[in-house]
Amino acid sequence: MERGDDSRTQTTWQRRRDRDTSGIVLFAKDSESLAAFTALFETREVVKSYSAIVRPAPRQTSGVIDRPLDADPRRPGRMRIAVSGKPSRTEWELVEAWRSGAVALIDVHPLTGRTHQIRVHLAAIGAPVVGDAWYGDGLPLRLSDVKRRFRGVDDGPPLLDRLALHVAEQIAD
């Protein structure tokens, strides 16, 4: 980017989300903004909100998952629940369930920011994110997953053929 005075500024992304997660990406236009954003995230002054479609629905309507996470030594790039891991905490709330809980939409609020935290935590409570091949079954969302009368009927292409996790908002407290 160029300014009118011929000095250059470089736009830099501030917070990375998982590659397959959709939604908000925060960019800093200059080093001062980058430092300010970094400080807000490091002091946990940013409230993060995600939307996830999970299969099946969790058994409760809300909860807190407080399980430490660590890198999985047997599967490079993946994380796991481990007593020796870093403290990790995720709050969640059921928004809506379809087909008697076969699939559900939930709001998720990670209180810490570990790699794959939401995905691992939701899988740990038996409600993995739809389309998650690493921590779930990797299957897409189909119309028959949400509409009863389409069970067993060829319902065409998937409604969603990717990870069903979306960054809904990031607000500085």
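Which residues does Thr90 touch, not counting residues up to four places away in sequence? I would like to open with that question and come back to it once the overall layout is clear, and I should say at the outset that what we are looking at is a predicted model.

Let me begin with the layout. The protein has 10 strands and three helices, and if you read along the sequence the pattern is β-β-β-α-β-β-β-β-β-β-α-α-β. Of the 173 residues in the protein, buried residues make up 34%. Among the contacts with a separation of 6 or more, 59% are accounted for by residues 24 or more positions apart.

Next, the sheet. Six strands form an open sheet whose order is β2-β10-β4-β9-β8-β5, with mixed pairing, and the edge strands, each of which pairs on one side only, are β2, residues 22–23, and β5. Inside that order, β4 and strand β9, residues 103–110, run antiparallel and are joined by five bridges, and if you would like a place to look, Ser51 stands opposite Asp107 in β9. Helix α2 lies across β4, β5, β8, β9 and β10, the last of these being residues 165–172, and α2 runs at about 130 degrees to β9.

With that in place, let us return to Thr90, which lies in strand β8. Is Thr90 buried or exposed? Its relative accessibility is 0%, so Thr90 counts as buried. As for the opening question, Thr90 touches Gly63, Val64, Ile65, Val108, His109, Pro110, Leu111, Gln117 and His121, when residues up to four places away in sequence are not counted. Two of these neighbours also meet Thr90 through polar contacts between side chains: one contact, of 2.8 Å, is with Gln117, and another, of 2.7 Å, is with His121.

One of the residues on that list, Ile65, deserves a moment of its own. Ile65 has its place in strand β5, and because its relative accessible area is 4%, under the 20% cut-off, Ile65 is buried. Leaving out residues up to four places away in sequence, Ile65 touches Ser88, Arg89, Thr90, Trp92, His121, Leu122 and Ile125, so that His121 appears among the neighbours of Ile65 and also among those of Thr90. Ile65 and Pro110 are 45 residues apart in sequence, while their C-alpha atoms are 9.3 Å apart in space.

Now to the charged pairs. How many salt bridges does a search of the whole structure find? The search finds five, and I will walk through some of them.

In one of them, Arg89 pairs with Asp66, the closest N and O atoms being 2.9 Å apart. This pair links distant parts of the chain, with Arg89 in strand β8, residues 89–98, and Asp66 in strand β5, 23 residues apart. Both partners are partly exposed, Arg89 with a relative accessible area of 33% and Asp66 at 48% relative accessibility.

Another salt bridge joins Arg55 and Asp137, whose closest N and O atoms are 3.6 Å apart. Arg55 lies in the loop between β4, residues 46–54, and β5, residues 62–66, whereas Asp137 lies in the loop between α2, residues 117–124, and α3, residues 143–146, so the pair ties together parts that are 82 residues apart in sequence. Here the partners fall into separate classes, since Arg55 is buried at a relative accessible area of 16%, while Asp137 is partly exposed at 46%.

A further salt bridge brings together the side chains of Arg75 and Asp72, at 3.1 Å from N to O. Arg75 is partly exposed, with a relative accessible area of 32%, whereas Asp72 is buried, at 5%. Beyond single pairs, salt bridges that share partners join Arg55, Asp137 and Asp145 into one network.

I will finish with helix α1, which covers residues 31–42. At 1.5 Å a residue its 12 residues should span 16 Å, and the end C-alpha atoms are 16 Å apart, which agrees. At the N-terminal end, Asp30 caps α1, with a side-chain oxygen 3.2 Å from the backbone nitrogen of Glu32. After α1 comes Arg44, whose phi is positive, near 55 degrees.

Notes: Residues numbered from 1 in each chain as written. Predicted model: local features only at pLDDT ≥ 70, side-chain atom pairs only at ≥ 80, totals over all residues. Heavy atoms only, no water. Salt bridge = Lys/Arg side-chain N within 4 Å of Asp/Glu carboxyl O. Helix = DSSP H or I, 4+ residues; strand = E, 2+ residues; numbered from the N terminus. Buried < 20%, exposed > 50% of the residue type's maximum accessible area, 1.4 Å probe, protein only. Expected span 1.5 Å × (residues − 1). Polar contact = N/O pair within 3.5 Å; in protein donor to acceptor, adjacent residues only side chain to side chain. Pairing = 2+ DSSP bridges. Contact = heavy atoms within 4.5 Å. Axes fitted to C-alpha atoms, helices over the stretch in contact; angles between N-to-C directions.
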